[in-house]
Each structure stands twice: as C-alpha cells, then as structure tokens.
Amino acid sequence: MAFLTIDETKCKQDGICAAECPRGIITQEDDKRFPQIAEADQTYCMTCGHCVAVCPHGALSVNGVDIEDCPEIKKELVPSWDQAEQFLRSRRSIRRFKDKVVDRKTLEQLIETARYAPTASNAQNLHWTVIEGRDKLESLSQETINWMERVIAAHPDSPAADYFRPVVARWATGYDGILRTAQTLIVPSAPKENANGLVDLSIALAYLELAALPRGVGTCWAGLLRGAMLATPELVESMGLPEGHTWFYPMMIGFPKFKYHRLPERKPPVIHWN
C-alpha cells in the first residue's frame, strides 16, 4: 500500500487535503494532478487524519489512517447549542457513589473514547492504569491521611494544616474524605520525555469524565490523593504506574448515589478583550 492512497474515481483535485495538512507535506501542483506526499516527507506525517477527515469525497487514505476506519460524521447526531450547553453544565464532581462496581467493559469503552482526546503532535502515547477494589482505594486513602498528619505536625499553623484537620478527624470516625466511597480509580500517564504530557493527560481526563455522563457514570478528580502522591514517591510506586512515566491527576469513577436535577450557576467569566 502506498503511503498516500488516492481513489482517482472520487478525487476532485480540489486541493483541500493539501491546504489542511498541518505539516504541509501533502502537495498538489495544479488542479490537473492528484495530491501526493514525497517519500522524503513521509516521516513527518503525524497520522492525524486531517486529510482523511476533511475530504468531502472520501477519496483518500494515508498510512496509519485508513478511510474504512474513519466513519462519516452523522449530522443528526450533532448536538444543538442548547443540548451542548446543558450537557457540559450537567457534569458534577461526584463524591457519593453507589455500592456498585463499574464493570470493565464500561471502563474500556470510556477509555476508548478518551483516547480520541487531542495530544501534542498527535503522539497518542498515554497509558491508563485502573485500580479496582474498595480495599485498595482505602489503603491509598490511609496513606493520604498519613501524609496529611505529617503536614499538620510539621506545619501546624499553615493553611494546609487547617484544611487537613477536619478531613483527618472525619477519617477517625470512619468517613473517607479522600476517595469517598469510590471503588475504582483511574490514573492516566505518559512517558516523561513527552514535554506536553501533563497537558495531554488533563485533556484526556476531561474527555473521560464527559464521556461518562451518558453512561450514567460519575467522576471526581482526586486532589488530596494527588497531593500525597506528589509528596510521597513510595505511594506512587505502590500504585503500579508504568515505569518512566509522568502522571497528572488520579480520578475516582463510579455510579452516582444521587441524581441531580438542576444546573448550578457559576461566577461570570472575566474576559479581557485586546
């Protein structure tokens, strides 16, 4: 198979694919020739699929992005503005989960969708570590409490200590304010040499939590656990993340115990027009 395959019966030689190519490696000399990629430029292709997606005629495939794997956008599934606004505003940080485990098939489907999140240079090198079991999550919460107690002891007058004290006190009564009642934790990671890894990871997590909504699944960014992970390398090691990877945030995931009926208001945006 050639690196760039053109169906000459469909190609209209309109040059759209060449104009859209992010790396500018698709060329078309004039409207009487078909698009092409010089062999010397093939290594610069990001396999982003822009050329395949933008062609209105379904006329081309590029190595790594076959048109047969790229379904057409269905106009009837494009949400209206009102639908999109309600969908985005209906996302909630879930802190009370049902005593029901999210099955692996559902988790795989959510991660499959999240893999379509944009990554710098289309690197697509994220890994997903899924930690399952309430006992494992309680252990992580305990390690987080231990870290918080160390902070309180070392810096009793700090704002962090003031914030941590009630969390530690409630833990002593049997309430987990770290990972709540979640039974599953997801931690995406990326190779440390990926200079844009933290950005890629945060976008992927945002995709994951939005994809979870139609499946009736809720999520919550685990900020306190993240603090403990930043301060305790041994804790990170115990979580079994891929070696040589960086991570950004762990995310709780489960079925919400309660249903929400309204869309809370937020502060108005601060916009600077220049």
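## Two loops with unusual backbone angles

Let's start in the loop between α6 (159-172) and β6 (184-191), which is where Arg180 is found. This is a predicted model, and in it Arg180 has a positive phi of about 55 degrees, even though it isn't a glycine.

There's another residue to look at in this respect. Gln124, which is not a glycine either, has a positive phi near 50 degrees. You'll find Gln124 in the loop that runs between α4 (104-114) and β5 (127-132).

## The largest nonpolar core

Now for the inside. The largest nonpolar core has 32 residues, and the members touching the most others are Met148, Leu179, Leu185, Leu225 and Met239. Several elements chip in: α5 (134-154), α6, β6, α8 (223-231) and α9 (233-238) supply at least two core residues each. The biggest share comes from α5, with seven residues.

Leu225 makes a handy tour guide here. Setting aside neighbours within four places in sequence, Leu225 is in contact with Leu140, Thr144, Ile178, Leu179, Leu185, Leu235, Met239 and Pro250. There's also another core, apart from the largest one, made of 17 residues; Phe3, Leu4, Cys17 and Cys21 are among them.

## Cysteines without bridges

How many disulfides does a search of the whole structure find? Zero. Take Cys21: its closest cysteine sulfur is the one in Cys48, and because the two sulfurs are 6.6 Å apart, they're too far from each other for a bond. A disulfide would need them within 2.5 Å.

Cys48 is in no disulfide either, since its nearest cysteine sulfur, belonging to Cys51, is 6.4 Å away, again against a cut-off of 2.5 Å. As for their surroundings, Cys21 is buried, with a relative accessible area of 14%, whereas Cys48 counts as partly exposed at 30% relative accessibility.

## A glutamate tucked into a helix

Last stop: Glu209, which sits in helix α7 (residues 197-212). Is Glu209 buried or exposed? Its relative accessibility is 8%, so it counts as buried; the cut-off for that is under 20%.

What does Glu209 touch, leaving out residues up to four places away in sequence? The list is Arg91, Thr219, Trp221 and Met251. With Arg91 there's something extra to look for: a polar contact of 3.3 Å joins the side chains of Glu209 and Arg91.

Conventions
Residues are numbered from 1 along each chain as its sequence is written. This is a predicted model: local features need pLDDT of at least 70, side-chain atom pairs count only at pLDDT 80 or more; totals for chains, interfaces and linings use all residues. Side-chain values use heavy atoms; hydrogens and water are left out. Helices (H or I, at least four residues) and strands (E, at least two) are DSSP runs, numbered from the N terminus. Buried means under 20% relative accessible area, exposed over 50%, partly exposed in between (1.4 Å probe, protein chains only). A nonpolar core is a set of buried Ala, Val, Leu, Ile, Met, Phe, Trp, Tyr and Cys residues joined through side-chain atoms within 4.5 Å. Contact means heavy atoms within 4.5 Å. A polar contact is a pair of N or O atoms within 3.5 Å; within protein, one must be able to donate a hydrogen and the other to accept it, and residues adjacent in sequence count only if both atoms are side-chain atoms.
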